[in-house]
Amino acid sequence: MRAAAAKIVIKSPREIELLRAAGRVVHRVLTELGDLVRPGVTTAALDARADELIRAAGAVALFKGVRNPQARMPFPACICASLNEQVVHGIPDDRPLREGDILSIDCGVRLKGYCGDAAATFPVGRVAPAVQRLLDVTRAALELAVQEIRPGRRWSQVARLMQKCVEDGGFGVVREFVGHGIGQEMREEPKVPNYYDRSQRHADFDLLPGMTLAIEPMVTAGRPEVRLGDASGWPVVTRDGSWAAHFEHSVAVTADGVEVLTDGN
Ligand code: MG
Ligand code: MG
């Protein structure tokens with residue numbers, strides 16, 4: 001268990017400032033795109049706006065060109081735009097958003113060598129109350145993690161609380177995709193799961209000041225199992241077709257708690 005922690009890079013205050021600067025760009029993109037989400041807008045248009053904002057900030061979009069062994073093509077866009085039953089890795093396209101949809105937008109950038117990564121799920125117009133509750137509970141699970149992270153705790157203590165928050169709400173926690181360390185690379189050690197069971201005990205780690213993590217609960221309205229959504233190898237969808245939400249912040253563990261790096265401060 002200590003061996004897993006040994007691979008985790010502890011960041012200096014200067015590095016955390018650089019991560020925060022990258023996080024501010026991500027926050028700006030998500031805030032502006034969130035304001036644009038409405039019926040009739042296409043996710044391709046949102047992606048084009050993200051591209052402009054990221055370039056104007058002097059940053060680089062991290063998702064564009066990413067490869068995965070199951071995919072036919074590198075990821076083609078700046079943002080992941082995951083609609084309704086899509087959980088993550090949705091590809092922006094020209095279909096107009098419809099009233100009642102939910103859209104998860106995930107954005108990652110590198111600025112001056114350091115990465116920021118955050119996501120949020122937005123309602124399109126008015127959504128059903130049960131759908132709004134899915135968004136509220138997923139956001140609450142992320143906020144709970146931010147409240148509970150502090151040095152001296154194990155990650156599993158936080159993960160258990162997130163899982164309880166989600167499951168008490170009647171929803172499912174995705175197991176196949178998890179959060180991650182973040183720094184000069186978007187994905188560093190450790191893996192940061194949103195649940196805890198015995199299978200995770202060897203990957204558990206102590207929370208230490210200077211650790212920087214991307215925390216990202218992915219929550220399903222039905223069963224938690226997921227599968228690839230189409231032949232492109234990118235969009236991940238719920239197996240049962242239920243809708244899913246995704247909220248993410250990059251954070252730094254401090255001497256007495258945590259600082260969110262992607263909240264615009
Ligand atoms: Mg992300
Ligand atoms: Mg992430």
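Which protein donors hold the magnesium ion (ligand 1)? I looked: they are Asp106 (OD), Asp106 (OD), Asp117 (OD) and Glu248 (OE), lying 2.0 to 2.6 Å from the ion. Donors here are N, O and S atoms within 2.8 Å of the metal (3.2 Å for Na, K and Ca), and water is not among the atoms, so sites may look incomplete.

Note to self: this is a predicted model, where local features need pLDDT of at least 70, side-chain atom pairs count only at pLDDT 80 or more, and totals for chains, interfaces and linings use all residues. Residues are numbered from 1 along each chain as its sequence is written, chains are lettered from A and ligands numbered from 1 in the order written, and side-chain values use heavy atoms, leaving out hydrogens and water.

Next I checked the spacing of the donors of ligand 1 along the chain, which is D-x10-D-x130-E. Asp117 sits in strand 5 (residues 114-123) and Glu248 in the loop between strand 13 (244-246) and strand 14 (249-253), so this pair ties together parts 131 residues apart in sequence. Strands are DSSP runs (E, at least two residues), numbered from the N terminus.

Asp117 also bridges ligand 1 and a magnesium ion (ligand 2), 3.2 Å apart. Asp117 is buried at 2% relative accessibility, and Glu248 is buried at 1%. Buried means under 20% relative accessible area (1.4 Å probe, protein chains only).

Then I went to Thr262, in the segment after strand 15 (258-260). Thr262 touches Asp117 and His249, among others; contact means heavy atoms within 4.5 Å. Thr262 counts as buried too, at 2%.

Technical notes
Helices (H or I, at least four residues) and strands (E, at least two) are DSSP runs, numbered from the N terminus. Buried means under 20% relative accessible area, exposed over 50%, partly exposed in between (1.4 Å probe, protein chains only). Lists of a residue's contacts leave out its neighbours within four places in sequence.
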